[in-house]
Amino acid sequence: MTQSPFAGSPLRVGVVGLGVMGKNHARVLAELPGVTLAGVADPDAAQVDFVTSRLGCPGFASLEALMDAGIDALTIAAPTQLHTPIALAAIARGIHVLVEKPIAQSVEEGRRIIDAAERAGVTLMVGHVERFNPAVQSIRQAIADDDILSIQITRVGPFPPRMSDIGVVIDLAVHDIDLIRWFTGSEIAEIQPQTNSIHAEREDIALLQFRTASGVLAHINTNWLTPFKARTVHVATRNKYITGDLITRQVTECFDYKPDGSYSMRHLSVAYAEPLRAELVAFIDSVRTGKAPVTGGADGLASLDIAMRCLGERAAPAVQPKLVAGGRG
Ligand SMILES: NC(=O)c1ccc[n+]([C@@H]2O[C@H](COP(=O)([O-])OP(=O)(O)OC[C@H]3O[C@@H](n4cnc5c(N)ncnc54)[C@H](O)[C@@H]3O)[C@@H](O)[C@H]2O)c1
């Protein structure tokens, strides 16, 4: 058996892009056993100062300087438009990469990242963090042995001021497209999208309907027009109806329907875990062991492709994703 090049030594990991998400990446990585937060990079000096002053790690103004400091792996939390050039530059230096969702701003760019990672033999993971949400895992476990009939997901909230030219479908619905593919273990075969732009240049409201190849009907309601954040999942199976709140992490199952209309209800147990921590632990494990990540490039690309098709920007992925049955997520 070949030994991991990192056996016994801490993995040197860097973070590029220190906004809302990157700050969390850095915080979690700084606490992970077997990991050294080797540095963080952002052209905005205030962001670098914020992180380095709290975590005591080296800070850099550019990706090049961070990579010159010597890193084994990089998490990319820069704006989506920059995922491709950053990922390609890291991969070219043999650095393992976790790129935030969506994998890239276009299917073509996503495919370039995947091809480069395959050629270089480095780990490529896409940050579809909802697969690591304990409430999502509880729902998936509850429906695992049943015949899924329909899935309904709501992901709404106020308009994020930082958002530039990425709309709600690529930014938010891509999470739920990934969940629908993961819950059903099937690819989305038919799409009926309705989108509109009320306040933004790109779409800020979308109602998306799907039919998977396995025949499941699914619906995503997403927008940036709601004054509060809500994330709910409803799944109807042949024998149960599951409702899950991904924020409060309460998951409820209705079952044992009777002819008189009565039924039983129970709350399902949901583990306590920070999804981002679980995701980063899984990434580190893939880097160390060479095991395929739970959400690899092909999965990220397949979900992005469906999101693009909802916007009428079609291009089928050449890479077939492997839907991990019973995976860690
Ligand atoms: N998994 C999730 O649930 C989740 C949630 C939010 C955001 N995201 C993803 O994370 C990424 C970042 O989103 P965010 O909300 O943190 O954005 P943000 O705007 O808060 O932060 C982006 C950061 O990148 C920095 N940056 C700009 N140009 C750069 C460059 N050339 N090199 C390095 N850094 C650069 C900016 O200065 C800023 O600090 C996006 O791809 C987004 O889709 C994922």
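**Notebook: helix packing, sheets and ligand shell**

I looked first at where helices H1 and H8 touch, and found that Asn24, Val28 and Leu29 in H1 meet Leu276, Arg277 and Leu280 in H8, contact meaning that the C-beta atoms, placed from the backbone, lie within 7 Å. The residues of this contact divide into 4 nonpolar, 1 polar and 1 charged, where Ala, Val, Leu, Ile, Met, Phe, Trp, Tyr, Cys and Pro count as nonpolar, Asp, Glu, Lys and Arg as charged, and the others, Gly among them, as polar.

I note that this is a predicted model, in which local features need pLDDT of at least 70 and side-chain atom pairs count only at pLDDT 80 or more, while totals for chains, interfaces and linings use all residues. Residues are numbered from 1 along each chain as its sequence is written.

I then checked the geometry: the axes of H1 and H8 (residues 275–289) come within 10 Å and cross at roughly 65 degrees, the axes being lines fitted to C-alpha atoms over the stretch in contact, with angles running from 0 to 180 degrees between N-to-C directions. The two helices are therefore roughly perpendicular to each other, a term that covers 65 to 115 degrees. Helices (H or I, at least four residues) and strands (E, at least two) are DSSP runs, numbered from the N terminus.

Next I traced the open sheet, whose 6 strands have the order E3-E2-E1-E4-E5-E6 with parallel pairing; strands pair if DSSP finds at least two bridges between them. E3 (59–60) and E6 (124–127) stand at the edges with a single partner strand each, so one side of each is left without a neighbour in the sheet. Strand E5 (residues 96–100) pairs with E6 over 4 bridges, and leucine 98 stands opposite methionine 125 in E6. Helix H2 (residues 45–55) packs on this sheet, touching E2 (35–41) and E3, and its direction makes about 155 degrees with that of E2.

I followed the antiparallel strands afterwards: E8 (residues 188–196) is joined to E9 (residues 205–212) by 8 bridges, with glutamate 190 opposite arginine 211 in E9. E9 and E10 form a hairpin with 4 residues between them, and glycine 215 in the turn has a positive phi of about 100 degrees.

Last, I looked up the ligand, where Gly17, Gly19, Met21, Asp44 and Glu100 come nearest of the 24 residues around it, a residue being near if its C-beta atom, placed from the backbone, lies within 6 Å. Helix H1 (residues 20–31) gives the largest share of this shell, 3 residues, and by class the shell has 12 nonpolar, 6 polar and 6 charged residues.

Note on methods
Parallel < 35°, antiparallel > 145°, perpendicular 65-115°, else oblique. Contact = placed C-beta atoms within 7 Å.
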